[in-house]
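Me: I would like to go through this model by asking what stands behind each label. Please set each value against its cut-off before you conclude.

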Amino acid sequence: MAGAPRPAVSASDRIAQLNNIDKDVAKLLQYAGTAIKTVTNSPSESGKSQHDQAQNIEQRKSNFSAASSEYFATLSSIDVRLRRHIIALENAGILPSEMSAAELQPTQTDVKSSQLSTASNKTTITNGGLGNLDIGWLNSRNDHAEKTMEAELWGEAQKLVQRTLDNKLRLEDENDATTSDDLAMPAG
């Protein structure tokens with residue numbers, strides 16, 4: 001049955017697979033953090049005996065090896081699964097294949113011939129090489145940049161208000177000090 005076609009994978013299955021990859025990216029970061037944590041010195045080790053420290057070093061080596069092995073295994077798994085999704089997108093015509101994209105990039109000396117070969121080639125690149133992928137639609141679903149900019153603007157506004165209040169309080173304190181100095185001086 002090696003020649004039998006594979007059943008088509010539905011969009012919901014693809015999204016579920018991508019969600020699993022997303023979860024594995026979080027695990028990847030956790031494994032990296034664990035590996036880094038095991039090789040850093042903790043302040044509580046200074047009071048331990050040399051025997052305890054030697055055992056601790058061996059345990060840390062073991063923990064580092066385990067965390068780094070998990071890290072690289074997870075990284076490899078993520079890489080393979082993402083490549084499969086990229087290939088599926090290329091086969092569906094949503095993304096141009098790497099080869100056709102490389103073939104269609106013109107050089108400075110060959111702009112005319114490149115344009116002619118692109119026009120005569122059966123594979124056409126649309127939407128700036130993104131195929132049928134609608135970037136506007138994707139961007140309209142992600143308001144991360146908008147929220148980030150809004151947070152920055154609120155932060156700047158808060159700093160401006162705080163500076164204004166600080167300046168006002170400083171001027172009032174200076175005025176109060178001047179007034180109290182004038183009152184403290186005996187009339188001549």
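Reply: The turns below take up confidence, helices, accessibility and the largest pocket of this predicted model.

Me: How do you know which parts of the chain to read with care, and where is confidence lowest and where highest?

Reply: The mean pLDDT of the chain is 75, with 61% of its residues at 70 or more. Confidence is lowest in helix 4 (residues 111–120), where the mean is 48, and highest in helix 1, where the mean is 90. Across residues 109–121 the pLDDT stays below 50, and this stretch makes seven contacts in the model beyond near neighbours in sequence. Where pLDDT is low, predicted coordinates should not be read in detail.

Me: What makes up the pattern of the chain, in helices and strands?

Reply: The chain has six helices and zero strands, and along the sequence this reads as α-α-α-α-α-α. Of the contacts between residues at least 6 apart in sequence, 63% join residues at least 24 apart.

Me: Why is Asp79 called partly exposed?

Reply: Its relative accessibility is 35%, whereas buried requires under 20% and exposed over 50%; the value falls in between, and therefore Asp79 counts as partly exposed. Asp79 is found in helix 2, and its C-alpha atom is separated by 9.3 Å from that of Ile21, 58 residues apart along the chain.

Me: What class does Ser77 fall into, and why?

Reply: Ser77 has 30% relative accessibility, which is neither under 20% nor over 50%, so Ser77 counts as partly exposed. Ser77 is found in helix 2, and its C-alpha to C-alpha distance to Ile21 is 8.7 Å, with the two positions 56 residues apart in sequence numbering.

Me: How many of the residues in the chain are buried, as a percentage?

Reply: With buried taken as under 20% relative accessible area, buried residues make up 11% of the 188 residues in the chain. The chain exposes about 15500 Å², and carbon and sulfur atoms supply 58% of that area.

Me: What lines the largest pocket, and which residues are closest to its centre?

Reply: The largest pocket holds about 570 Å³ of space. It is lined by 18 residues, of which Arg14, Gln17, Arg84, His85 and Ala88 are the closest to its centre. Helix 1 (11–39) and helix 2 (50–91) each supply at least two residues of the lining.

Me: How does the lining of the largest pocket divide into nonpolar, polar and charged residues?

Reply: The lining has 10 nonpolar, four polar and four charged residues. Arg counts as charged and Ala as nonpolar, so among the residues closest to the centre Arg14 and Arg84 are charged and Ala88 is nonpolar.

How values were computed
Residues numbered from 1 in each chain as written. Predicted model: local features only at pLDDT ≥ 70, side-chain atom pairs only at ≥ 80, totals over all residues. Heavy atoms only, no water. 1 Å grid on protein atoms, 1.4 Å probe; cavity = no way out; pocket = protein on both sides within 12 Å on 5 of 7 lines; lining within 4 Å. Points joined across faces, edges and corners; volume = space filled by probe spheres on them. Helix = DSSP H or I, 4+ residues; strand = E, 2+ residues; numbered from the N terminus. Buried < 20%, exposed > 50% of the residue type's maximum accessible area, 1.4 Å probe, protein only. Contact = heavy atoms within 4.5 Å. Areas by Shrake-Rupley, 256 points an atom, 1.4 Å probe, with all protein chains shown as cover. pLDDT = per-residue confidence, 0-100.
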